[in-house]
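Please open the model in your viewer and keep the sequence panel beside it, as the stops below are given in the order in which they can be selected.

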Amino acid sequence: MFGLSFEKLFLVAILAGLVIGPQRLPLYTHRLAELIRSFRSFVDASKARAETEIGISREELEALDVRQYDPRRIVRTALTETPSAPAEATAEAAADLEAEASRVRPGQKYLVTGGSAHPRRILISSLPEDDPRRLAAHVPPPAEDDETERLMAEVNQLLVS
């Protein structure tokens, strides 16, 4: 209680007896006891009023584990537990990937994600092989028998050199 040990309280009682005097000490001791009783009744009344205003009994409130809201504990559990996504969430994620894949053009090098305030550029070649966005950006090599593609490749080589 406030860092006071029995020895310190005993020393304070002896000093109070010397300062106040033996005649007035019982009167002040009685007043201190009344003050402590009134403080306890005030605390009990405040607890009862808080229970009625909150709507939770004291036993239920004590049963709540406040430690579950500790940020360190929340981060630790988030890092250690494996995410188990429900089937609906994975279906929504697949639908989102398909929607993004529809906006990807063949030959596109980067995928821009995020909002306009914080855009992120992702290199399409860094995506997994079976990602629909990577598949949408894939440009197949020209076929050997396709004369138009072969001519376009030759023109591009001439323009580059």
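## A buried arginine

Begin by selecting Arg-133, which is buried, since its relative accessible area of 11% falls under the 20% cut-off. Bear in mind throughout that this is a predicted model. Arg-133 is found in helix 6, which covers residues 132–137. If you now display what surrounds it, leaving aside neighbours within four places in sequence, Arg-133 is in contact with Leu-97, Glu-100, Ala-101, Val-104, Leu-111, Ile-124 and Leu-127.

## Strand 1 and its partner

From that list of contacts, which includes Leu-111, go on to strand 1, residues 110–113. In a regular strand the side chains alternate between the two faces of the sheet. Here Leu-111 and Thr-113 point to one face and are buried, whereas Tyr-110 and Val-112 point to the other face and are not buried.

Next add strand 2, residues 120–123, which pairs with strand 1 in the antiparallel sense over four bridges. Two of the positions in strand 1 can be followed across: Leu-111 has Ile-122 as its bridge partner in strand 2, and Thr-113 stands opposite Arg-120 in strand 2. The hairpin that strand 1 and strand 2 form has six residues between the strands, and in this hairpin Gly-114 takes a positive phi near 85 degrees.

## The loop before strand 1

Now select Gln-108, whose place is in the loop between helix 5 (87–102) and strand 1. Which backbone atoms does the side chain of Gln-108 reach? One is the backbone nitrogen of Arg-105, at 2.9 Å, and another is the backbone oxygen of Tyr-110, which lies 2.7 Å from a polar atom of the Gln-108 side chain. With neighbours within four places in sequence left aside, Gln-108 is also in contact with Arg-103, Ile-124 and Ala-137; Ile-124 is likewise listed among the contacts of Arg-133, where this tour began.

## A nonpolar patch

For the last stop, move to helix 1, residues 6–20, and select Phe-6. Is Phe-6 buried or exposed? Phe-6 is exposed, because its relative accessible area of 65% is over the 50% cut-off. Extending the selection to Phe-10, Leu-11, Ile-14, Leu-15, Leu-18 and Val-19 shows the residues that, together with Phe-6, make a nonpolar surface patch of about 810 Å².

Conventions:
Residues are numbered from 1 along each chain as its sequence is written. This is a predicted model: local features need pLDDT of at least 70, side-chain atom pairs count only at pLDDT 80 or more; totals for chains, interfaces and linings use all residues. Side-chain values use heavy atoms; hydrogens and water are left out. Patches are made of residues with over 30% relative accessible area and no salt bridge: like charges are joined within 9 Å, nonpolar side chains (Val, Leu, Ile, Met, Phe, Trp, Tyr) within 5 Å. Accessible areas come from the Shrake-Rupley method with a 1.4 Å probe; for residues, only the protein chains shown count as cover. A salt bridge is a side-chain nitrogen of Lys or Arg within 4 Å of a carboxyl oxygen of Asp or Glu. Buried means under 20% relative accessible area, exposed over 50%, partly exposed in between (1.4 Å probe, protein chains only). Two strands pair if DSSP finds at least two bridges between them. A polar contact is a pair of N or O atoms within 3.5 Å; within protein, one must be able to donate a hydrogen and the other to accept it, and residues adjacent in sequence count only if both atoms are side-chain atoms. Contact means heavy atoms within 4.5 Å.
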